[in-house]
Amino acid sequence: MAARRSAQWYSGDDRNSYIHRAWMRRGLPADAFDGRPHVAIANTASDLTPCNAHLDEVARSVANGVYEAGGIPLDLPVVSLGETQVRPTAMLWRNMAAMATEEMLRANPIDGVVLLGGCDKTIPALLMAACSVGLPAVVVPGGPMLTGTFRGVPLGCGTDVWKLSEEVRAGTLSPRAFLDSESSMIRSRGHCNTMGTASTMGLLAEVLGMTLPGIAGIPAADSRLLAAAHATGVLAVELIDSERPPGAVLSRGSFRNAIVALAALGGSTNAVVHLLAIAGRAGVALGLDDFDRFGADVPLLADLQPAGRFLMEDLHRAGGLHAVLAEVADLLDPAALTVTGRPLVEHLADARIWDGEVIRSRAEPLRPRAGIAVLRGNLAPDGAVIKPAAASPHLLRHRGPAVVFDSVEDLHARIDDPGLDITADSVIVLRGCGPKGYPGMPEVANTPIPARLLARGVRDMVRVCDGRMSGTAYGTVVLHVAPEAAAGGPLARVRTGDMIVLDVPARTLHAEADLAAREPSGEFLAALARPRRGWEKLYVDTVLQADTGADLDFLLGASGERVARESH
């Protein structure tokens with residue numbers, strides 16, 4: 001076995017090794033520096049990331065497992081992003097969190113890392129960082145919250161926020177009742193209990209092979225999560241001993257499996273930009289069209305909000321992720337590995353469906369074809385995505401006049417204007433919301449329906465945007481239009497009244513207009529972000545487009561774990 005990486009800091013009798021050891025002797029045993037593996041616990045716990053606030057407790061269980069296996073656990077707080085709290089959008093800092101974590105993993109005397117995440121951007125950022133460093137790594141997803149109820153009805157956090165708020169605007173729910181539901185929705189620790197982005201990425205981390213098999217989807221309040229976290233600590237030491245980094249686990253087959261699972265679970269569209277970004281760091285060839293190639297014909301099996309009825313606690317009791325994967329095992333890459341060193345498919349042998357309402361069989365799916373659809377046309381030359389499972393079937397083929405909004409502020413100012421010329425057949429176009437334009441690609445694409453249309457019973461319209469939408473949201477929403485308007489994409493030249501043609505079965509999105517002959521409007525250009533300093537400027541100057549994962553151009557790939565120079 002090769003010498004531990006941490007020995008580069010701790011072994012020897014010179015001044016530098018003395019300094020490295022002496023400042024760490026604060027309760028560690030004397031043999032902590034004699035070759036035992038040092039395991040960082042990259043912890044995104046934060047009071048301002050409420051979905052991750054419980055991860056300090058999880059970290060203690062991980063640490064106990066590391067100790068049991070003979071390692072030295074070391075808490076490493078890393079950048080934490082609270083989806084519900086930070087402005088203008090957590091996506092602005094996903095790449096920063098990945099970059100900061102990467103640098104801290106590389107800079108410190110560690111041999112491997114356990115990655116603790118939960119809220120939407122934390123698991124993607126941690127995986128991006130781990131792939132760029134290449135030390136043995138394993139993820140512990142923080143898990144979903146328990147189901148809350150209001151007036152006897154289960155509440156799906158996120159999804160029911162959108163639904164209830166629209167009912168208030170429609171006049172069918174009082175503001176008081178809406179506010180009364182607030183204290184019922186968030187019942188326990190953990191991330192969103194719908195199949196939103198947090199749930200999706202926690203589950204896909206396991207499908208990618210980067211977790212202890214069976215851990216993803218365990219509710220945050222379930223004691224079995226702590227037991228699995230302990231076992232992950234033990235596994236982290238084994239990964240170091242076996243010299244099994246992410247590059248030995250992640251393959252093109254791993255990402256194919258994630259795309260299949262994304263469709264079968266009815267997962268978040270945000271997984272597209274995250275999987276592309278992770279693949280870009282891992283050096284795995286993955287393109288936007290692969291989501292259609294591997295996922296289009298996959299049936300929807302998990303009856304979970306927002307595409308279905310149930311919630312994450314129900315998925316767990318019904319058999320969990322493995323029960324879903326077992327139904328589509330023939331679509332999975334049989335050679336794709338997990339951190340155990342064994343293929344993913346080998347961990348599915350004992351999986352069973354315990355509630356056929358929550359998890360459907362392959363023979364009786366919710367929908368026979370449920371994967372993310374990739375659209376192209378003169379509005380999206382580099383692609384756009386839509387989630388058919390969350391859309392209205394009658395709108396998947398639609399032609400209607402555009403009603404264009406140049407910014408989120410423009411949308412909020414005019415969407416309920418009685419003088420706005422808009423009908424249920426109109427196509428709402430919101431631009432300036434891509435990575436560069438906002439900046440950060442916010443979750444605003446599921447724009448509100450005009451109040452007067454809501455009052456008439458309209459609950460969905462075709463919407464087109466270069467931004468994202470929450471994984472807990474629903475509707476016939478075309479997302480991630482690339483290139484975005486701020487990067488010169490054709491969306492910048494659409495005008496109100498242009499006929500927009502959406503044909504999801506044909507995978508097309510067109511405007512019936514000569515867009516190339518036009519110039520962007522002054523109102524649109526005035527609304528674009530123009531940061532002059534700090535992270536926002538670095539981001540806008542270097543961010544790539546959604547079709548490649550919206551990473552920064554200089555962060556693609558890996559730099560490895562080697563640090564040549566000493567600090568003193």
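How do strand 1 and strand 3 pair, and over how many bridges? Let's start there. Strand 1, residues 38-43, and strand 3, residues 112-117, pair in the parallel sense, and they do it over five bridges. If you want a spot to put your finger on, take Ile41, which stands opposite Val114 in strand 3. Before I go on, please keep in mind that this is a predicted model.

Okay, the rest of that sheet. It's an open sheet of four strands, with parallel pairing, and the order is 2-1-3-4. So who stands at the edges? Strand 2, residues 72-77, and strand 4, residues 137-141. Each of those has a single partner strand, so one side of each is left without a neighbour in the sheet. As you go from one strand to the next, the twist averages 20°. And for anyone who'd like the background: strands of a sheet pair through backbone hydrogen bonds, either parallel or antiparallel.

Now, something packs on this sheet, and that's helix 10. Helix 10 touches strand 1, strand 3 and strand 4, and its direction makes about 175° with that of strand 4.

Let's stay with helix 10, residues 223-242, and bring in helix 3. Helix 3 is residues 55-68, and its axis and that of helix 10 come within 7 Å and cross at roughly 40°. That angle makes helix 3 oblique to helix 10. The crossing is right-handed. Which residues do the touching? On the helix 3 side we have Glu57, Val58, Ser61, Val62, Asn64, Gly65, Val66 and Glu68, and on the helix 10 side Leu225, Leu226, Ala229, His230, Gly233, Val234 and Val237. Sort this contact by class and you get eight nonpolar, five polar and two charged residues.

One residue in there to zoom in on is Ser61, in helix 3. Is Ser61 buried or exposed? Ser61 has 12% relative accessibility, so with buried meaning under 20%, Ser61 counts as buried. As for its company, if we leave aside neighbours within four places in sequence, Ser61 is in contact with Leu226, Ala229 and His230.

Before leaving helix 10, look just past its end, at Glu243. Glu243 is in the loop between helix 10 and helix 11, the latter being residues 252-265. Its phi is near 50°, which is a positive value in a residue other than glycine. Most residues other than glycine have a negative phi, and most peptide bonds are trans. Hold on to both halves of that, they come back in a minute.

Next up, helix 9. How many of the residues of helix 9 are buried? The count is 11 of its 11 residues, so the helix is mostly covered. Among them are Thr197, Met201, Leu204 and Glu206. What do those buried residues pack against? That would be helix 5, strand 4, helix 11, helix 12, helix 14 and helix 15. Notice strand 4 there, one of the edge strands of our sheet.

Let me pick helix 12 from those partners. Helix 9, residues 197-207, and helix 12, residues 270-282, pack at an angle of about 40°, with their axes 10 Å apart. They're therefore oblique to each other, and here the crossing is right-handed. In the contact, Thr197, Thr200, Met201 and Leu204 of helix 9 meet Asn270, Ala271, His274, Leu275 and Ile278 of helix 12. By class, that's five nonpolar, four polar and no charged residues. Right after helix 9 comes Gly209, with a positive phi near 100°.

Last stop, a few backbone details further along the chain. Which peptide bonds are cis? One of them runs from Tyr438 to Pro439, with omega near 0°. Pro439 is in the loop between strand 10, residues 427-430, and helix 17, residues 451-455. Another goes from Ala482 to Pro483, with omega near -5°. You'll find Pro483 in the loop between strand 12, residues 477-482, and strand 13, residues 499-503.

And then there's Ala550, in the segment after helix 19, residues 534-542. Ala550 isn't a glycine, yet its phi is positive, about 55°. Ala550 is also buried, with a relative accessible area of 0%. That's my tour, thanks for listening.

How values were computed
Residues numbered from 1 in each chain as written. Predicted model: local features only at pLDDT ≥ 70, side-chain atom pairs only at ≥ 80, totals over all residues. Heavy atoms only, no water. Helix = DSSP H or I, 4+ residues; strand = E, 2+ residues; numbered from the N terminus. Buried < 20%, exposed > 50% of the residue type's maximum accessible area, 1.4 Å probe, protein only. Axes fitted to C-alpha atoms, helices over the stretch in contact; angles between N-to-C directions. Parallel < 35°, antiparallel > 145°, perpendicular 65-115°, else oblique. Left-handed = near helix turned anticlockwise from the far one by under 90°. Contact = heavy atoms within 4.5 Å. Nonpolar A, V, L, I, M, F, W, Y, C, P; charged D, E, K, R; others polar. Pairing = 2+ DSSP bridges.
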